[in-house]
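I opened this notebook page to keep a record of what I looked up, going from the whole chain to the inside and then to the surface.

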Amino acid sequence: MASGLGVALFSSAVFGLSGSFAKALLETGWTPGAAVTARLTGAALILAVPAVPALRGRWHQLKDNWLTVLLFGVIGVAACQLFYFNAVSRLSVGVALLLEYLAPVIIVLWLWAASRKRPRPLTIAGTLLSLGGLVLVLDLTAAVKIDLIGVLWGMAAAVCLAIYFFITAKENDTLPPLVLASAGLMVGAAVMWLAAATGLLPMAFSTADTRLGPWVTPWWVALGGLVVLATVIAYVSGIMAARALGSKVASFVSLTEVLFAVIWAWLLLGELPGPIQLVGGILIVGGVVLVRVDELRAAQLAAPLPAQLDHANDVEPVP
């Protein structure tokens, strides 16, 4: 348990780097689409090396799980990351990630509206707490108004994440997690390249130096960090943590990614949300924790509630 917890925290720490590395590239002229495409393509090629032996010649598993791979690649990988990077281009890294982490709250509200059955009190409390935190994160009373388009991109990432959980809640995935991650990244990269080839996605790269903290580095340093640290190592360590702790416990620990993302953005970009936004972030994460605690308690009591909220994979679609 202790070693698994350490791996889970490490995974959250390296996943939290993605926003900082991406923003360093965006500030030199990269478009969000280009950053996502480069990230997915590089990570897919690297992860394919260990993923092929993991299949052990059972290629039929990819065919049997083609829908899971497709959904993970298109929604959980390509769309989530593109929307998140678009949000990062207009907002601070911490605020963009907090908006995406509202996905469980969106699920609660949608189920409430669709079923017209009121959630349990703890879930309602968590939802209200997160919504109150959202108001503080947006800091509507501040002298400098927050970018509305950036907020919409962040919310789109949250909706995309919620849709992924809804669709895959009842999937019986038999693929090794490493294979699912690699195949999903390949599908996501293919979708991004196709969108760029058809002119639907603006694609611009830059070889200008990037700034990370006090250092001025070549562009490939930020890109390498985005691909190797924030994607390949992050996914592999996340899978290891899920296997050691169980996917549900690991998903709780993954909430620390917000904290790490804020710290990295402060150290590498000089970004730090205001005091009110930090309080709002604490409320959002606290609300999500309450919702998830209620999920676990409902599962233990075998309550006849929708299964979508009680779902966690070994491979989660995180930024």
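The entries below follow that order.

Entry 1, the chain. I am working from a predicted model, and I began with its secondary structure, which comes to 14 helices and 2 strands. I then looked up burial and found that, of the 319 residues of the chain, 53% count as buried. For the accessible surface I noted about 14,200 Å², with 72% of this belonging to carbon and sulfur atoms. Turning to contacts between residues at least 6 apart in sequence, I noted that 87% of them join residues at least 24 apart.

Entry 2, the inside. I looked up the largest nonpolar core, which has 82 residues, and wrote down W30, L40, L99 and L185 as those with the most contacts inside it. Helix 5, residues 66-88, gives the most to this core, with 13 residues. I followed L99 further and, leaving aside its neighbours within four places in sequence, found it in contact with L91, L134, L138, G150, V151, G154, M155 and A158.

Entry 3, the surface. I then looked for nonpolar residues on the outside and found a patch formed by L259, I263, W266, L267, L272 and L278, which together have about 570 Å² of accessible area. Helix 13, residues 257-269, gives the most to this patch, with 4 residues. Is L259 buried or exposed? I located L259 in helix 13, and I count L259 as exposed because its relative accessible area is 53%, where exposed means over 50%. I set beside this the general note that, in soluble globular proteins, nonpolar side chains tend to be buried together.

Notes: Residues are numbered from 1 along each chain as its sequence is written. This is a predicted model: local features need pLDDT of at least 70, side-chain atom pairs count only at pLDDT 80 or more; totals for chains, interfaces and linings use all residues. Side-chain values use heavy atoms; hydrogens and water are left out. A nonpolar core is a set of buried Ala, Val, Leu, Ile, Met, Phe, Trp, Tyr and Cys residues joined through side-chain atoms within 4.5 Å. Buried means under 20% relative accessible area, exposed over 50%, partly exposed in between (1.4 Å probe, protein chains only). Contact means heavy atoms within 4.5 Å. Patches are made of residues with over 30% relative accessible area and no salt bridge: like charges are joined within 9 Å, nonpolar side chains (Val, Leu, Ile, Met, Phe, Trp, Tyr) within 5 Å. Accessible areas come from the Shrake-Rupley method with a 1.4 Å probe; for residues, only the protein chains shown count as cover. A salt bridge is a side-chain nitrogen of Lys or Arg within 4 Å of a carboxyl oxygen of Asp or Glu.
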